[in-house]
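Reader: I should like to discuss the structure shown here and to ask how its descriptions are justified.

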Amino acid sequence: MHFFYSERAVNLGKQVREFVENDVIPAEFRYREELIAAGDPHHQPSVMESLKEKAKAAGLWNLFYPDAEWGGGLTNVEYAALAEIIGQSLIGPEVFNCSAPDTGNMEVLSLFGTGEQKRRWLEPLLRGEIRSAFCMTEPDVASSDPTNIALRIDRDGDNLVLNGRKWWATNLYHPHCRILIVFGRTSGEGPRHQRHSMVLVPLDTAGITVGRALPILGYQNQEGHAEISFDNVTVPAANLVGELGQGFAIGQARLGPGRIHHCMRAIGMAERALTLMCERASSRTAFGKPLAENANIQDWIAESRIDIEMARLLVMKAAWLMDTVGNREARTEIAAIKVAAPRIASQVIDRAIQVHGAAGVSDDVPLAEMWAFQRVLRIADGPDEVHKRSIALRELRDRAPVAG
């Protein structure tokens, strides 16, 4: 493996680190204060808009985007290093216009969108003028098996008509959300993985009912995770993304880079948790000595460093394989990081919470919210068991005894 970084990528890394440490992390408290003062958990704090303008002016915008005209123009390996730094703050991704699900939606539009779809939706997303949501998970089926997805997308002349329910539509409550990519069933026949498609649906389309914003372990995220119903929602057939029945193929193209982003941000959170753990252990005294002098605390710190290094190398290997041989050949590693990174980040954050005592479960430090985010990531984007199943099946296939 060769993790090569261009001079530009190295310089961007220095800039991003300085920006996160000097601007983003110090703004977290004000961000929370503005949310509380607004009385609306989905309010857009003015400090966020100020940070976004500053990041854009500094050239730290759309760093995930592989096209240098609009974004970073970086390889997966190069952006992975930046995603780790950005991930140290829960508000970091939006500052740089590198938030999920927008990044995945922009990748879908870049790869499969028509010229008109790109002009109307991709370019405003790249400029940060609007936000988007991805509607896949459903409350009435086991969505860990995407072939169960039941929302109907039916052709009616020059239109497509959507009927069904979704939930956990991340970002839908963000004040700037304007467009949805909806995954639904367009056929009941043919191969199971060619029965679904993706459609662009403006949020203000008639027939859409936005329900409750679902909390994560009691946390109501600013962007929201919404229930949403589609009752004869009608859009032009030109809103189809790609071809009919191509939904799974598009989804796989979307998921590879997105998992790198999620996992490196998880490692960033783990790094920040380790820093907070060390600072707390060194500054807090109990039973006549600093916490850092206790053997169990030293063990947690050492285990955390080992865990983070292992996870980072596994994710970087997956990113390198994506750059060199493509998503398909990297699918085992991509599945593996989706299991390993959130699990390891959760363990490191949990140790840091324990060292902080009662403060660790408060909102005086970001640890509790980080832990909640990592816990849900073990379910979001495919639960651990699905990824482990796919890894195991490939291992069994590759190691099957030769007949005769």
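Reader: Is Cys135 called buried or exposed, and what makes it so?

Author: Cys135 is buried because its relative accessibility is 1%, and buried means under 20% relative accessible area, with exposed over 50% and partly exposed in between (1.4 Å probe, protein chains only). This is a predicted model, in which local features need pLDDT of at least 70 and side-chain atom pairs count only at pLDDT 80 or more, while totals for chains, interfaces and linings use all residues. Residues are numbered from 1 along each chain as its sequence is written, and side-chain values use heavy atoms, with hydrogens and water left out.

Reader: How do you know whether the sulfur of Cys135 is in a bond with that of Cys177?

Author: A disulfide is a pair of cysteine sulfur atoms within 2.5 Å. The closest cysteine sulfur to that of Cys135 belongs to Cys177 and lies 8.0 Å away, so the distance is too great for a bond. Cys263 is in no disulfide either, with the nearest cysteine sulfur, in Cys98, 16 Å away. The structure holds zero disulfides.

Reader: Why is Cys263 called buried?

Author: Its relative accessibility is 0%, and Cys263 therefore counts as buried.

Reader: What makes Gln117 count as buried, and where is this residue found?

Author: Gln117 counts as buried because its relative accessibility is 4%. Gln117 is found in helix 6, residues 115-127, where a helix is a DSSP run (H or I, at least four residues), numbered from the N terminus. Beyond its neighbours within four places in sequence, Gln117 is in contact (heavy atoms within 4.5 Å) with residues including Leu109, Phe112 and Leu200.

Key. Helix = DSSP H or I, 4+ residues; strand = E, 2+ residues; numbered from the N terminus.
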